[in-house]
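Grab a coffee and open the viewer: here are some short exercises on a protein model, each with a worked solution. Try each task before you read on.

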Amino acid sequence: MRKKTIDWLAVTYSGVLTGALTIVASVSLAAMIFTGGLAGHLTHGINIALITAVVTGLIVPLAGSCAISVSIPQDRIAPILAIMAASIAAAAPPSASGDQVFLSIVIAIVATSLITGVVLLALGITRAGGLIRFMPYSVLGGIFAGAGWLLVVGGLRVITGQELNSLGDLTQLADPDLLLRCLPGLTIAAAIIIASRFFPSAIALPLTLAAAGALFFFVMLQNGETMQTLERDGWLLGPLQTSGFGIFDFTLPQLLGRHDWSVVLAQWANIGTIVIITAVSIILTVSALEMLSGRDIDMNHELRVSGLANLAAGLLGGMVGFHSLSFSSLALKLGAQHRGVGVIAAIMAGAALLLGIEHIGLLPRALIGGLLLYIGFSFLAKWLIASWGRLPRGDYLVIPLILAVIAAVGFIEGLVAGLLAALIQFVLNYSRTPVIRYALSGDNARSTVERGLEDERCLSEAGERVYILKLRGYLFFGTAAQLSSRLRCRAEDRSKTQLEFVLLDFEQVNGIDSSAAYEFNRMRLMANQRDFVLAFSGLKAELQHQLHAGEFLQNDPRIREFVDLDRALEWCENQLLEKLQDCRDRVPATALQHLSRLFADPVAADQFLGYLSVLEFGEGDELLKQGEPAGDLYFLEQGDVSVYLRPAAGEMVRIRRTGPGTVIGELGFYLNTPRTASVIADGTGRAYRLTADALDRMEHSHPALAAALHRFMADLLAERLLRTTHTLEAVLG
């Protein structure tokens, strides 16, 4: 196979463009975290973000399984880090210096990166990343919408330089001066959104940012402003001031050893939220990149790589970072599907870090804030607006609920509120989910015991006395109430025969909540009042334990328990046949007697018997053997036999039991195929054997006898098929 040629020009261009955007994004996120009272440490905040861009930006594309992946500090995480930083600053004692507060924030950021790295690594090693997918989609939507809101507030905070931490603080924007200051940033965000609609997104963002920056300086300078006055009036990000020490002045052991860990422990909820959001975001992002690139990506490998990348970033004082869907897809759209894009972007971030970031202070706050506003509005548009048509109304309402709680109270409170709402909604939805897979009666559901024709007809006539409910899922109070209500409706239905047996099959039931015991006791009372037997089948060991612990299966003649539904049906059928003994005595009981009644005179019956040979058998005798040629069939007159299937590998499995009045071996006999199963006697008995040679002689010498036999066999097979059809109709209907 010819090796694909790499377009290094496209890779270089994409890497340089992505690197420039990575630097701007890193600065934007750092400015959102270190703002207001923490603005004096913005230089170190930018360093922290750039360290993340370098470390994760090198490890993720080089070690990952994704051919194109750009890793940066994440906009989904930065709002929570901003909340964490503001919380630490607010909780600091009045005597704490600015440097001490900053050090506490750095410790919390580093600890978050290390903990996130360990969790991601563990998820990847144990291949448990799929567990994250159990997070309700509506909760994810609410979290990301909440992150979008925090990004919008963070963008306004960067632009105005004001402390905007709550809905009440936003009233400050009513000030005409602050509103005027916000206008350029809002215009830039709107321009990016509009440009993305009319131009390829691969060039819309960088071109709009470049044009907006150039236009900002042109307008300001035309109005008589200078770089000095722009810095003095707060229109620019700088001048960037240091706080007296650099981020590299301490090794990690020194940094950790000189600090009180109680600050980190107090942020456990924010750290846990970051870990969850990071894991979920990586899975969603990697899944999207897999579809965009058309290549298979090992999810658990990406989690391991991201874990190592965040551990390395934390050891060097960086924040959480992982794959960026927007930057990675940007490179794909530019035609550069190569790891070099992410590496070049990381190298550019490293160059900005090593060469100094003084010139970054010349970036307009409106540009940085506008980028944050654009990202925030994009999150809100995707998760709050676009989700309206994609999600059921109940699921969708969780999203604005989480968003409202995050905006009014806090991020953690919003997450908790969303999880509670999703849990309540799940319970309500699950309680409406049919717990009854299907309901059958005894006339369209039978055990695997094959009985004589007259027994079968008697059971069909009495079929409505047996009511079978196949259950599924998890039983708790809500779903058990469905079951109780369904059973009561059937018991009170006077248009049908009175119930004698109710079979509840638990084979597909996953579990039973203790609250369901109340409904089961109501069913037991109903069984005693309505005079029917309540039988349980397919109970797993844990379900048996729960019902026994609730004293439900204790010493009640109206309650029966069986290993499986087939044995329960067999018991019910036997009970019915004992009651219907008179019905059975009025007609011939065996297949041979029934066959004799087909002939017009006794002479014909005697002639038919002349073609049969008698076979006496004992317990364990093998009448038919699987795989052997089918040269005969048997009319079972006395005794019981069992039908066994021998798989290619493994022991024989009993699939059916049959008794007097039945025919065995007829399929292979008529189709001239090898035996599909073995038949072994359960005890002593007697059968009549018809061989292929005897049938040939009958067809030549007594064709009327042969025709009567063929009609009988056709009726037998048709009746079996009809019964199977009725069962399927009942199940599917």
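A residue is called buried if its relative accessible area is under 20%. Keep that cut-off at hand, and remember that this is a predicted model.

**Exercise 1. A pair of rings**

Task: Work out how the rings of Phe-506 and Phe-536 are arranged, and whether these residues are buried or exposed.

Solution:
- Begin with the overall count: the whole structure holds 14 aromatic pairs.
- In the pair of Phe-506 and Phe-536, the ring centres are 5.3 Å apart and the planes make an angle of 25°. Planes under 30 degrees apart count as stacked, so this pair is stacked.
- Next, place the residues: Phe-506 belongs to strand 6 and Phe-536 to strand 7, and the pair links distant parts of the chain, 30 residues apart.
- Finally, apply the cut-off: Phe-506 and Phe-536 are buried.

**Exercise 2. Another pair**

Task: Classify the ring pair of Phe-608 and Phe-635.

Solution:
- The centres of these rings lie 6.4 Å apart, with the planes at 70°. Over 60 degrees counts as edge-to-face, so the pair of Phe-608 and Phe-635 is edge-to-face.
- Phe-608 sits in helix 26 (residues 602-610) and Phe-635 in strand 11 (residues 632-638), so parts 27 residues apart in sequence are tied together.
- Phe-608 and Phe-635 are both buried.

**Exercise 3. The five-stranded sheet**

Task: Find the strand order of the open sheet, then say which strands stand at its edges and what lies across it.

Solution:
- The five strands follow the order 3-5-6-7-8, with mixed pairing.
- Strand 3 (436-441) and strand 8 (559-562) are at the edges; each has a single partner strand, so one side of each lacks a neighbour in the sheet.
- On average, and ignoring direction, neighbouring strands of this sheet are turned by 20° against each other.
- Look inside the sheet: strand 6 (residues 501-512) and strand 7 (residues 533-537) run parallel and are joined by five bridges. Asp-505 stands opposite Ser-537 of strand 7.
- Now add the helices. Helix 21 (residues 517-530) lies across strands 5, 6, 7 and 8, at about 140° to strand 7. Helix 23 (residues 565-579) also lies across strands 5, 6, 7 and 8, running at about 170° to strand 6.

**Exercise 4. A strand covered on both faces**

Task: Determine which residues of strand 15 point to each side, and which strands pair with it.

Solution:
- In a regular strand, side chains alternate between the two faces of the sheet.
- In strand 15 (residues 678-681), Ser-678 and Ile-680 are on one side, with Val-679 and Ala-681 on the other; all are buried, and both faces are covered.
- Strand 10 (residues 622-624) pairs with strand 15 in the antiparallel sense over two bridges, and Glu-622 stands opposite Ile-680.
- Strand 12 (residues 641-645) also runs antiparallel to strand 15, joined by four bridges. Here Val-643 has Val-679 as its bridge partner.

**Exercise 5. Charges and cysteines**

Task: Say which arginines lie over the faces of Phe-144 and Tyr-467, and how many disulfides there are.

Solution:
- Phe-144 forms one aromatic cluster with Tyr-137, Phe-379 and Trp-383. Arg-76 lies over the face of Phe-144, 4.8 Å from the ring centre.
- Over the face of Tyr-467 lies Arg-490, at 5.8 Å from the ring centre.
- With a disulfide taken as two cysteine sulfur atoms within 2.5 Å, the count is zero.
- Cys-182, at 2% relative accessibility, is buried, and Cys-458, at 4%, is buried too.

Technical notes
Residues are numbered from 1 along each chain as its sequence is written. This is a predicted model: local features need pLDDT of at least 70, side-chain atom pairs count only at pLDDT 80 or more; totals for chains, interfaces and linings use all residues. Side-chain values use heavy atoms; hydrogens and water are left out. Two strands pair if DSSP finds at least two bridges between them. Axes are lines fitted to C-alpha atoms, for helices over the stretch in contact, and angles run from 0 to 180 degrees between N-to-C directions. Contact means heavy atoms within 4.5 Å. Buried means under 20% relative accessible area, exposed over 50%, partly exposed in between (1.4 Å probe, protein chains only). Rings of Phe, Tyr and Trp (its six-membered ring) pair if their centres lie within 6.5 Å; planes under 30 degrees apart count as stacked, over 60 as edge-to-face and the rest as tilted. A charge sits over a ring if NZ of Lys or CZ of Arg is within 6 Å of the ring centre and within 35 degrees of the ring normal.
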